[in-house]
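Please look over the model below, with attention to how its strands and helices are arranged. The report that follows takes up one strand and then its surroundings.

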Amino acid sequence: MITYQTLSEKLNFNKDLPFTPDWSAAADFLNIISDHCLTLKPEIIVECSCGLSTLILARCCQLNGIGHVYSLENGPDYAARTRQQLEQFNLTQYASVIDAPLEKITLHKTDYLWYSTHELPDETIDMLVIDGPPGFMQKNSRYPALPLLTKRLSRHCVVFLDDAARDDEQNIIRQWLKDYPQLTHQYISAERGCSILTAGT
Ligand SMILES: C[S@@+](CC[C@H](N)C(=O)[O-])C[C@H]1O[C@@H](n2cnc3c(N)ncnc32)[C@H](O)[C@@H]1O
């Protein structure tokens with residue numbers, strides 16, 4: 001069984017990992033994304049929502065000797081806390097937490113609030129990890145991620161959606177597969193569910 005402790009040992013962290021029960025991504029999801037990152041060594045990683053996932057991905061980039069994480073975060077306090085943790089773990093070189101207030105966007109005649117991307121560097125994304133905005137904010141809260149970022153994804157980009165066992169995330173996956181029929185979808189029965197999408201090229 002994967003725990004935060006086993007993950008910490010796997011990645012040779014020299015301090016206990018800071019996690020918040022129910023809010024930090026589950027250890028098995030973090031294990032899936034860290035395995036991918038260590039194997040594929042993506043150069044540009046974008047994540048939606050910062051926290052423990054930012055530390056894990058930044059540490060993978062440090063071990064890989066390549067890669068940078070850009071984390072979109074709407075909550076200034078969470079952003080500040082994660083920046084502080086990156087400093088404590090000497091990982092600031094490998095991750096940037098971007099203040100990204102939620103903005104209104106209309107897609108398929110439905111309004112959503114999603115991260116401002118003004119401060120996101122114009123780089124091609126090799127790995128996208130979606131763990132926000134929180135589900136309580138709105139129905140199908142994470143749906144805008146692909147419509148808004150799809151043009152920036154590299155041909156080999158792999159997309160990871162956390163909490164994929166929830167009804168909303170399953171709706172989102174169904175809609176994405178309609179919107180982007182070139183995508184292939186794999187569901188992993190992790191603690192909270194993990195959906196993996198690839199363009200398959
Ligand atoms: C699921 S959490 C993000 C988890 C992050 N990816 C991680 O692994 O730690 C999604 C969002 O919830 C908000 N959040 C984090 N901790 C919270 C808390 N304790 N209470 C309320 N909102 C929180 C933050 O804005 C965060 O971006």
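In which sense, parallel or antiparallel, do β1 and strand β6 (residues 125–130) pair, and over how many bridges? In this predicted model, β1 and β6 pair in the parallel sense, and four bridges link them. Strand β1 itself spans residues 44–48, and because four of its five residues are buried, β1 is largely enclosed by the rest of the structure. Strand β2 (residues 68–73) also runs parallel to β1 and is joined to it by five bridges, while β2 and β3 are in turn parallel and share five bridges.

Individual residues that stand opposite each other across these pairings are listed here.

| Residue | Partner | Partner strand |
|---|---|---|
| V46 | Y70 | β2 |
| V46 | L128 | β6 |
| S71 | V97 | β3 |

The wider sheet is open, with seven strands in the order β3-β2-β1-β6-β7-β9-β8 and mixed pairing. Its edges are β3 (95–99) and β8 (184–188), each of which has a single partner strand, so one side of each is left without a neighbour in the sheet. On average, and ignoring direction, neighbouring strands of this sheet are turned by 15° against each other.

Helix α3 (residues 52–64) forms a right-handed β-α-β unit together with β1 and β2, and α3 lies across β1, β2, β3 and β6, running at about 165° to β2. Helix α6 (residues 167–179) lies across β7 (153–162), β8 and β9 (194–198), at about 10° to β9.

Around the ligand there are 16 residues, of which W23, A25, S49, G51 and S53 come nearest; by class, this shell holds six nonpolar, eight polar and two charged residues.

Terms used:
Residues numbered from 1 in each chain as written. Predicted model: local features only at pLDDT ≥ 70, side-chain atom pairs only at ≥ 80, totals over all residues. Buried ≥ 20, exposed ≤ 12 C-beta atoms within 10 Å, placed from the backbone. Helix = DSSP H or I, 4+ residues; strand = E, 2+ residues; numbered from the N terminus. Pairing = 2+ DSSP bridges. Right-handed = clockwise from strand over helix to strand, strands pointing away. Near = placed C-beta within 6 Å. Nonpolar A, V, L, I, M, F, W, Y, C, P; charged D, E, K, R; others polar. Axes fitted to C-alpha atoms, helices over the stretch in contact; angles between N-to-C directions. Contact = placed C-beta atoms within 7 Å.
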